[in-house]
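Open the model in your viewer and show side chains as sticks. The stops below cover pairs of oppositely charged residues.

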Amino acid sequence: MNPNLEFKTTIKRSFLDNCKRELIINSDFIQFEDKDLVTDYFTKFYNSEITDYRYGVKWIQGAKFTIGRDYQIFIRNNENKIIKINFKSFYGINKNLHFNNYLEILTTLWNFHFNKIATDFIEKFQNKVQLSIGNVHFSDENIIIETNSILKKKQNIILWENVRTIDYRTYFAIYSQENPVNINQSYSYKDDWNTAILYTVIRTILKNKEIETS
């Protein structure tokens, strides 16, 4: 995508929303009309502030069956503030239009902001700088997946030659080839921050090491 271009669209959250809300994405900032205050309509994150995102589709349940979809995108900055972009379709009305708009926003966010974050992580790894994405810690020899339970903190160490991944529509999983039953961790694109970045970084490293090439 040409870095000089700007993506601009309007979003009506649902038929109950009284206004069309402006969303602007470019290489310098993300701005969304997510407020209803007369003196303060917009939330704006500059490029240097943006740290995380997650996204997904939440099914809207009726009394007996699914009646709609809520397309959700969350963007977080370094002050832990969040922009929530979401819009709903009911009973299949404008379903394709909403889905295509959702994909276009995600593609634009990746091209303007999150691809660079993933690339920076990859470059740090190549320069043998230890780094972390969520609860996954990277070193030249292995990854460490750190999990917390009510009783204790647990660390699973996987040597790079044993790291394997699998990707599904709504989540991504990392596991140990030596012990896949006991050493595995899944990450939801909707619920876990930066799953798409984690996927890109770890798959790129595995590809460069010729461990996973597809």
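Select D140 and K128: in this predicted model, their side chains form a salt bridge, with 3.2 Å from N to O. The two residues are 12 apart in the chain, and the contact joins distant parts of it. D140 sits in the loop between β9 (136–138) and β10 (142–148). K128 belongs to the loop between α1 (95–126) and β8 (131–133).

Now colour this pair by accessibility. D140 has a relative accessible area of 35%, so it is partly exposed. K128 reaches 58% and therefore counts as exposed, because the cut-off for that class is over 50%.

Next, select D52 and R76. Here too there is a salt bridge, and the closest N and O atoms are 3.2 Å apart. Show the strands as cartoon: D52 lies in strand β5 (residues 50–61), and R76 lies in strand β6 (residues 66–77). The partners are 24 residues apart, so this pair also links distant parts of the chain. Are D52 and R76 buried or exposed? Both are buried.

Move on to R203 and E212. Their side chains meet in a salt bridge, at 3.2 Å from N to O. R203 has a relative accessible area of 17% and is therefore buried. E212, at 12%, is buried as well. Both classes follow because buried means under 20%.

To finish, display every salt bridge at once. How many are there by this rule? The count is 6, and the stops above included D140 with K128, D52 with R76 and R203 with E212.

Key. Residues numbered from 1 in each chain as written. Predicted model: local features only at pLDDT ≥ 70, side-chain atom pairs only at ≥ 80, totals over all residues. Heavy atoms only, no water. Salt bridge = Lys/Arg side-chain N within 4 Å of Asp/Glu carboxyl O. Helix = DSSP H or I, 4+ residues; strand = E, 2+ residues; numbered from the N terminus. Buried < 20%, exposed > 50% of the residue type's maximum accessible area, 1.4 Å probe, protein only.
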